[in-house]
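This report describes the fold, the ligand shell and the nonpolar core of one chain. The sequence and the structure are shown first.

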Amino acid sequence: MKTLPALLLFATFSASAAPNLIGERSEVPIPKAMQADFLANMRDHLFAISEIQADLAKGDFKSAGETASNRLGLNASSSASCRPGEMKGFAKYMPKQMHKAGFAMHSAADDFAEEMKKPAPGYRNALQSLAKITSACVACHAHFRLAGR
Ligand code: HEC
């Protein structure tokens with residue numbers, strides 16, 4: 001895989017980092033037969049974000065944190081390929097930087113969950129923490145695509 005200097009953006013994940021949305025992305029050689037599962041996992045990530053937003057709209061910080069932890073956190077089943085040292089499943093095909101980007105997103109979800117456990121998390125804090133999760137989604141999408149798509 002060629003090295004993309006923009007991957008350094010992964011270190012910051014600030015919501016204001018300008019992602020490369022139309023440039024060339026690195027191809028991830030996940031076999032065709034596994035791509036449907038990979039994409040279903042991704043759609044569940046988006047579903048989880050949507051549920052977190054609905055929880056926040058109701059002022060239910062506790063439920064928002066639980067959704068983040070259970071569906072996107074490092075212990076969630078959807079995170080299996082992105083845990084440190086993992087070499088099974090999708091992990092076998094993911095470039096190192098993509099693996100790191102996945103780890104960063106799942107860690108941000110755990111950070112969000114921790115913030116939501118505080119006595120009065122507040123909307124500003126919740127939205128800032130949520131933006132760290134979604135900017136990690138954006139950063140990975142800006143740099144990688146599945147082979148053959
Ligand atoms: C480690 C990298 C990475 C992270 C982090 C990541 N994605 Fe993805 N996602 C991908 C790749 C690669 C694709 C396929 C893109 C392509 O081939 O054009 C994808 C595709 C998708 C799709 C399209 C699914 C389909 O059926 O076509 C959705 C929706 C999605 N991601 C949502 C999310 C959300 C929401 C998050 C964050 C909570 C997230 N992703 C985090 C790598 C990532």
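The description below moves from the overall architecture to individual helices, the core and the ligand.

**Overall architecture**

The model is predicted. Its chain contains four helices and two strands, and these elements follow the order β-α-α-α-α-β from the N terminus. Of the 149 residues in the chain, 30% are buried. Among contacts between residues at least 6 apart in sequence, 72% join residues at least 24 apart.

**Helices α1 and α2**

Two of the helices are set side by side in the table.

| Helix | Length | Reach, first to last C-alpha | Expected reach | Buried residues |
|---|---|---|---|---|
| α1 | 26 residues | 38 Å | 38 Å | H45, A48, I52, D55 |
| α2 | twelve residues | 16 Å | 16 Å | F61, A64, G65, T67, A68, L72 |

The reach of α1 is close to the value expected at 1.5 Å a residue, and the reach of α2 is likewise close to its expected value. The buried positions of α2 include F61, G65 and L72. Viewed down the helix axis, the buried residues of α2 fall within an arc of 160 degrees, so they line one face of the helix. These buried residues pack against α1 (32-57), α3 (96-116) and α4 (123-143). The buried residues of α1, for their part, pack against α2 and α4. Just after α1, G59 adopts a positive phi of about 75 degrees.

**Two glutamines of α1**

Q35 lies in helix α1, and Q53 lies in that helix too. Are these side chains' positions buried or exposed, or something in between? Q35 has 16 other C-beta atoms within 10 Å and is therefore partly exposed, because a residue counts as buried at 20 or more and as exposed at 12 or fewer. Q53 also has 16 other C-beta atoms within 10 Å and is partly exposed.

Each glutamine is also paired in space with a residue distant in sequence. Q35 and L146 are 111 residues apart in sequence, with their C-alpha atoms 7.6 Å apart. Apart from neighbours within four places in sequence, Q35 is in contact with I30 and L146. Q53 and L127 are 74 residues apart along the chain, and 9.1 Å separates their C-alpha atoms.

**The nonpolar core**

The largest nonpolar core has 27 residues, of which M105, A109, F112, I133 and A136 touch the most other members. The elements contributing two or more residues to this core are α1, α2, α3 and α4. The largest share comes from α3, with nine residues. I133 touches L72, M105, A108, A109 and F112, when residues up to four places away in sequence are not counted. L72, one of these partners, is among the buried residues of α2.

**The ligand shell**

Which residues are closest to the ligand? The shell around the ligand has 21 residues, and the closest are M42, G102, C137, C140 and R145. The elements that give two or more residues to this shell are α1, α3, α4 and β2 (144-146). Helix α1 gives the most, with six residues. By class, the shell consists of 15 nonpolar, three polar and three charged residues.

**Summary of the helix roles**

Helix α1 gives the most residues to the ligand shell, whereas α3 gives the largest share of the nonpolar core. Helix α2 is one of the elements that give two or more residues to that core, and its buried residues pack against α1, α3 and α4.

Technical notes:
Residues are numbered from 1 along each chain as its sequence is written. This is a predicted model: local features need pLDDT of at least 70, side-chain atom pairs count only at pLDDT 80 or more; totals for chains, interfaces and linings use all residues. The expected span of a helix is 1.5 Å times one less than its number of residues. The arc is that of the directions from the helix axis to the C-beta atoms. Two residues are in contact if their C-beta atoms, placed from the backbone, lie within 7 Å. A residue is near a molecule or strand if its C-beta atom, placed from the backbone, lies within 6 Å of it. Ala, Val, Leu, Ile, Met, Phe, Trp, Tyr, Cys and Pro count as nonpolar, Asp, Glu, Lys and Arg as charged, and the others, Gly among them, as polar. A nonpolar core is a set of buried Ala, Val, Leu, Ile, Met, Phe, Trp, Tyr and Cys residues joined through C-beta atoms within 7 Å.
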